[in-house]
Amino acid sequence: MDILNIFILRTLGIYVGSIRIMWLHKNNIWVPGALGFIEQILFIVTTAWVIMDFKNIYASLSYAAGFSMGTLLSMLTARRMQWNGMQK
């Protein structure tokens, strides 16, 4: 169960970070600030979880897979926002 949690939290962390960058392009300061806080909390919790169980290779692989999945979801969201005319 820990491996699945690491994957989900890491995916969410990367996704939230990408959404934060998209909001920065809208010249909004409050939403990116709040999203940055959430992103860093997710990063700290997930990284600490992996480091506490460092000998578990599956935890490290789950962390890396979560990064990849978060990046993929972020790219898909960015494309959708462009298609819907939400970008400047």
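# Briefing: a three-helix chain

The chain exposes about 6100 Å², and carbon and sulfur atoms supply 72% of that. Keep in mind that this is a predicted model. On secondary structure, the chain has three helices and zero strands, so if you read from the N terminus on, the elements simply go α-α-α.

**Overall layout**

- Taken along the principal axes, the C-alpha atoms fill a box of roughly 45 × 25 × 15 Å.
- The chain has 88 residues, and 31% of them count as buried.
- If you look at contacts between residues at least 6 apart in sequence, 70% of them join residues at least 24 apart.
- Helix 1 covers residues 2–24, helix 2 covers residues 30–52, and helix 3 covers residues 57–83.

**The nonpolar core**

- The largest nonpolar core has five residues in all: Val16, Ile19, Met22, Leu35 and Met81.
- Helix 1 gives the largest share of this core, with three residues.

**Two buried threonines**

- Threonine 11 sits in helix 1, and its relative accessible area is just 9%, so it counts as buried, the cut-off being under 20%.
- What does threonine 11 touch, once residues up to four places away in sequence are set aside? The list is Gly66, Met69, Gly70 and Leu73.
- Leu73, one of those partners, belongs to helix 3.
- Threonine 47 is the helix 2 case; with a relative accessible area of 18%, this residue also falls under the 20% cut-off and is therefore buried.
- A polar atom of the threonine 47 side chain lies 2.8 Å from the backbone oxygen of phenylalanine 43.

**The salt bridge**

- How many salt bridges does the count come to? The count is one.
- That bridge pairs glutamate 39 with arginine 20, and the closest N and O atoms are 2.9 Å apart.
- The pair links distant parts of the chain, with glutamate 39 in helix 2 and arginine 20 in helix 1, 19 residues apart.
- Is glutamate 39 buried or exposed? Its relative accessible area is 16%, so glutamate 39 is buried.
- Arginine 20 comes in at 22% relative accessibility, so this end of the bridge counts as partly exposed.
- Arginine 20 also turns up in a C-alpha pair with alanine 34: the two are 14 residues apart along the chain and separated by 8.6 Å.
- Alanine 34 has its place in helix 2 and is partly exposed, with a relative accessible area of 41%.

**The nonpolar surface patch**

- Met69, Leu72, Leu73, Met75 and Leu76 form a nonpolar patch on the surface, and together they have about 420 Å² of accessible area.
- Leucine 73 is partly exposed at a relative accessible area of 34%, and this patch member is also among the residues touched by threonine 11.
- Met69 is likewise in the patch and on the threonine 11 contact list.
- Leucine 72 is in helix 3; at 40% relative accessibility, this residue counts as partly exposed.
- The C-alpha atoms of leucine 72 and tyrosine 15 are separated by 8.7 Å, although the two residues are 57 apart along the chain.

**Another long-range pair**

- Leucine 4 is found in helix 1, and at 45% relative accessibility this residue counts as partly exposed.
- Which residue is 62 away from leucine 4 in sequence and 9.3 Å away in space, C-alpha to C-alpha? That would be glycine 66.
- Glycine 66 is a familiar name by now: Gly66 is among the residues that threonine 11 touches.

Note on methods:
Residues numbered from 1 in each chain as written. Predicted model: local features only at pLDDT ≥ 70, side-chain atom pairs only at ≥ 80, totals over all residues. Heavy atoms only, no water. Core = buried A, V, L, I, M, F, W, Y, C linked by side-chain atoms within 4.5 Å. Buried < 20%, exposed > 50% of the residue type's maximum accessible area, 1.4 Å probe, protein only. Helix = DSSP H or I, 4+ residues; strand = E, 2+ residues; numbered from the N terminus. Contact = heavy atoms within 4.5 Å. Polar contact = N/O pair within 3.5 Å; in protein donor to acceptor, adjacent residues only side chain to side chain. Patch = residues over 30% accessible without salt bridge, like charges linked within 9 Å, V, L, I, M, F, W, Y side chains within 5 Å. Areas by Shrake-Rupley, 256 points an atom, 1.4 Å probe, with all protein chains shown as cover. Salt bridge = Lys/Arg side-chain N within 4 Å of Asp/Glu carboxyl O.
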